[in-house]
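Q: Please pick one part of this protein and take me through it up close. I'm a first-year student, so keep it plain and explain the terms as you go.

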Amino acid sequence: MGSRSDQFAPTSPASRKSRARFLLLCAYGVAAASLSVPSGAFAQSLLPSPIHLSTGDDYPPFSSKTEADGGAAMALVKAVFAELKLPLTVEVEPWMRGRSRTLENQIDGTFPYVPTPERLGQFRYSRPLASIKIRLFTRPGTPLAGLPMALVNGQTLCIARGTAPSAPSRLLLEGQHVTLVDGSDVATCLKLLLARRVDIVQTHEQIAYRMLREMGQPVESITPIGGDDPRSFEETGLHLIVSRKHPQGAALIEAFDRGLTTLRDNGRFAEILSRYGLTLPSS
């Protein structure tokens, strides 16, 4: 260890210049680090106020005027932003309009949506609000009711407008095994199925059986194709989505996921879903 006089010994111009450069680089590194990854609170302060979202209707129990508080997804999204203390407005509008306005940044986001290859390139996705099992349904007693998926051929498949084909539907459509019928909503597709005007309907189990009850029809009026064959259904999540072109999109999803985690930790996530007969998603 040097003496006291060594510690204060004069330095050469070259060494002073080198030291100044080192200190400048250190200062720049600290500043860059602080700017490159905003803290949660700072990132949240940069978000739009109020947050402007949209959802659709006729998608019980997740988003529907007939459900308490507008449905499970609506109740959960409102609880997340209340937890974050961020002002929020939510419009109920046609699904395709909400998705289009989200994509063009006319609103901040929309929900609840399942991931598809096309959408993943256009939108950022939150952690799942819920999990669903999308199936193909037909009428009981028809030849389709007892068939494995691989034998479906030459039928008509109704999918509600604005809904993406599930994995089983995509396989059938890409192989030209079915003809697509565009239904205005799930209820319309189910009515067409019961009237024998289409052969197959794509939807998930909760909405199918709830719709039938609302229509005054027994749940036994339809039956899933393929039984327990994992190729006959798709298990997926429902999410909040924002456009990848949204300037605060990454921060919005980060804040939303943080609020969702808080609700999961304090039990409110499970409590909200339980009101609608739903359970927590696995992820």
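A: Let's start with the aromatic rings: pairs between them link Y59, F62, W95 and Y113 into a cluster. Rings of Phe, Tyr and Trp (its six-membered ring) count as a pair if their centres lie within 6.5 Å; planes under 30 degrees apart are stacked, over 60 edge-to-face, and the rest tilted.

A quick note before we zoom in: this is a predicted model, where local features need pLDDT of at least 70 and side-chain atom pairs need 80 or more, while totals for chains, interfaces and linings use all residues. Residues are numbered from 1 along each chain as its sequence is written, and side-chain values use heavy atoms, leaving out hydrogens and water.

There are five aromatic pairs in the structure. One of them is Y59 with F62, a tilted pair with centres 5.8 Å apart and 40° between the planes. Y59 and F62 are both buried (under 20% relative accessible area; over 50% is exposed, in between is partly exposed, using a 1.4 Å probe and protein chains only). Another pair, F137 and Y209, is edge-to-face: the centres are 6.1 Å apart and the planes meet at 80°. Since F137 sits in strand β5 and Y209 in helix α9, this pair ties together parts that are 72 residues apart in sequence. F137 counts as buried because its relative accessibility is 0%, while Y209, at 24%, is partly exposed. By the way, helices (H or I, at least four residues) and strands (E, at least two) are DSSP runs, numbered from the N terminus.

Now follow F137 into its strand. Seven of the nine residues in β5 are buried, so the strand is mostly covered. β5 also has several partners, where two strands pair if DSSP finds at least two bridges between them. With β10 (residues 233-243), β5 runs antiparallel and shares six bridges; here I134 has E234 as its bridge partner. With β8, the pairing is again antiparallel, over four bridges, and I134 stands opposite H204. β9 (residues 223-224) joins β5 by two bridges, antiparallel as well, with T138 facing T223. There's a charge-and-ring meeting to look for too: the charged end of K133 sits over the ring of F233, 4.5 Å from its centre. That label applies when NZ of Lys or CZ of Arg is within 6 Å of the ring centre and within 35 degrees of the ring normal.

β5 leads us to helix α8 (residues 186-194), whose buried residues are V186, A187, C189, L190, L192 and L193. These pack against β5 (130-138), β6 (155-160), β7 (178-183), β8 (200-204) and α9 (205-214), with contact meaning heavy atoms within 4.5 Å. At the N-terminal end of α8, D185 acts as a cap: one of its side-chain oxygens is 3.3 Å from the backbone nitrogen of A187. Just past α8, R196 has a positive phi of about 65°.

Back to the stretch around the ring cluster. The peptide bond from P60 to P61 is cis, with omega near 0°, and P61 is in the loop between β1 and α4 (72-84). S49 and P50 are also joined by a cis bond, with omega about 0°; P50 belongs to the loop between α3 (40-45) and β1 (51-55). For background, most peptide bonds are trans, and most residues other than glycine have a negative phi. K85, in the loop between α4 and β2, has a positive phi near 60°.

One last stop is E93, in the loop between β2 (88-92) and α5 (95-103). E93 counts as buried because its relative accessibility is 7%. Its side chain makes a polar contact with the side chain of R101, at 3.2 Å. A polar contact is a pair of N or O atoms within 3.5 Å; within protein, one must be able to donate a hydrogen and the other to accept it, and residues adjacent in sequence count only if both atoms are side-chain atoms. Leaving aside residues up to four places away in sequence, E93 touches S54, T55, G56, G98, R101 and I107.
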